[in-house]
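I opened this entry to record what I looked up, in the order I looked it up.

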Protein chains: 2
Amino acid sequence: MILLDYRDKRPLYEQVVEKLEHLIVCGALKPDSKMPSVRALAMELSINPNTIQRAYALLEQSGFLYTIVGRGNFVAPEESWQSGKQLALKEELAEAFEHALSAGMDKESIIAILDSVRQKMKKEAANDSDT
Amino acid sequence: MILLDYRDKRPLYEQVVEKLEHLIVCGALKPDSKMPSVRALAMELSINPNTIQRAYALLEQSGFLYTIVGRGNFVAPEESWQSGKQLALKEELAEAFEHALSAGMDKESIIAILDSVRQKMKKEAANDSDT
DNA sequence: TGAAGTGTATTAAGAGAATTAATACACTTA
DNA sequence: TAAGTGTATTAATTCTCTTAATACACTTCA
């Protein structure tokens, strides 16, 4: 199903997450289809089941899988991943806001930056439609 | 001059950076005034001089201090730090905004998140003053 | 009902990075 | 030249992260 790269310095579970996420987004793994069991995939890759468990847990957290205890893990419907991305975006925003506010920046200044980004993106969209 | 918190799980040099940065931004340490020597501050805090050295190096990198070898470290003029810090914050915000907007999030949703972060920080500030 | 398959929780071992310390060097000033 | 300053190098230590070992709990189905 996937192949690990031991020259890659990143942790194994991260590689597993990345590759499975890719397979799901590309449609190679269809929504509601059953994933290999934690133990089966661990066996196939010759690694510990907990490592797969961790990868599956992360994929579930970001909405790519859903779990039925005792039955297995399944690919989530497309709507789930998109809401997961929304969550990630919110966290990114919250982090930036926290930094800005604790540095003393006020709400108006932050909104001014937001508006400037919106205008910049509008212009770029207009230019794109020209080409 | 500053006080370390050994219950704080962050590294010592990070605490030193944070507290000195705060003293500079608040005006408690005036531009061009001499900072305590690496050894003196280390002695005062009962930690290794290299830890202070590391903190000073980071503060110099972000424009809060300047160094004259053999003479000491000095507080940088306001222009040096304000520009660098503000710029970094603006870039972080702009990046997050760009991601959010291109994913289809609208202005109102973004401002709602900003408000929730502001409220959260107010609460935390209130709790800190209790202890 | 019980065995086999599934996910889950807990704990510990191992590796690696990050932090801190020890020490020696180099520059400036008086 | 001595005392005070920052700097560089290396080593010891601490800590976090990753992975593994193991036991537990739930579902299904023969």
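The notes below cover one chain, then each DNA strand, then one residue.

**Entry 1. Chain A as a whole.**
I am working from a predicted model. I started with the secondary structure of chain A and found five helices and two strands. Along the sequence their order is α-α-α-β-β-α-α. I then checked how spread out the chain is: the radius of gyration of chain A is 20 Å, well over the 14 Å from the globule rule for 131 residues, so chain A is more spread out than a compact globule. The C-alpha trace of chain A spans about 55 × 40 × 35 Å along its principal axes.

I also looked up burial and contacts. Of the 131 residues in chain A, 32% count as buried. Among contacts in chain A with a separation of 6 or more, 45% join residues 24 or more positions apart. Chain A exposes about 8,300 Å², and carbon and sulfur atoms supply 53% of that area.

**Entry 2. DNA strand D.**
Which residues are the closest to DNA strand D? I listed 21 residues around this strand, and the closest are Leu12(A), Asn48(A), Asn50(A), Arg39(B) and Asn73(B). Of the atoms of DNA strand D that come within 4 Å of the protein, 62% are accounted for by sugar and phosphate.

I went through the phosphate oxygens next. One is 2.7 Å from a polar backbone atom of Leu12(A). For Asn48(A), a backbone N or O atom lies 2.8 Å from a phosphate oxygen of the strand. Thr51(A) uses its side chain, with an N or O atom there 3.4 Å from a phosphate oxygen.

By element, at least two residues each come from helix H1 (12-25) and helix H3 (49-61) of chain A, and from helix H2 (38-45), helix H3 (49-61) and strand E2 (72-75) of chain B. H3(A) gives the most to this surface, with three residues. I sorted the surface near DNA strand D by class and got six nonpolar, 11 polar and four charged residues.

**Entry 3. DNA strand C.**
I repeated the search for DNA strand C. It is surrounded by 22 residues, the closest being Arg39(A), Asn73(A), Leu12(B), Asn48(B) and Asn50(B). Sugar or phosphate holds 61% of the atoms of DNA strand C within 4 Å of the protein, and bases hold the rest.

For the phosphate oxygens of DNA strand C, I noted a polar backbone atom of Leu12(B) at 2.6 Å. A polar side-chain atom of Ser37(A) lies 3.4 Å from a phosphate oxygen, and a polar side-chain atom of Thr51(B) also lies 3.4 Å from one.

Helix H2 (38-45), H3 and E2 of chain A, with helix H1 (12-26) and H3 of chain B, each supply at least two residues here. The largest share, three residues, comes from H3(B). The class count for the surface near DNA strand C is six nonpolar, 11 polar and five charged.

**Entry 4. Asn73(A).**
I picked Asn73(A) because it is among the closest residues to DNA strand C, and then asked: is Asn73(A) buried or exposed? Its relative accessible area is 10%, under the 20% cut-off, so Asn73(A) counts as buried. I placed Asn73(A) in strand E2 (residues 72-75) of chain A. Its side chain makes a polar contact of 2.7 Å with the side chain of Thr67(A). Beyond neighbours within four places in sequence, the residues in contact with Asn73(A) are Ser33(A), Lys34(A), Met35(A), Val38(A), Tyr56(A), Leu65(A), Tyr66(A) and Thr67(A).

Key. Residues numbered from 1 in each chain as written. Chains lettered and ligands numbered in written order. Predicted model: local features only at pLDDT ≥ 70, side-chain atom pairs only at ≥ 80, totals over all residues. Heavy atoms only, no water. Near = heavy atom within 4 Å. Polar contact = N/O pair within 3.5 Å; in protein donor to acceptor, adjacent residues only side chain to side chain. Helix = DSSP H or I, 4+ residues; strand = E, 2+ residues; numbered from the N terminus. Nonpolar A, V, L, I, M, F, W, Y, C, P; charged D, E, K, R; others polar. Buried < 20%, exposed > 50% of the residue type's maximum accessible area, 1.4 Å probe, protein only. Contact = heavy atoms within 4.5 Å. Rg over C-alpha atoms; globule rule 2.2 N^0.38 Å. Areas by Shrake-Rupley, 256 points an atom, 1.4 Å probe, with all protein chains shown as cover.
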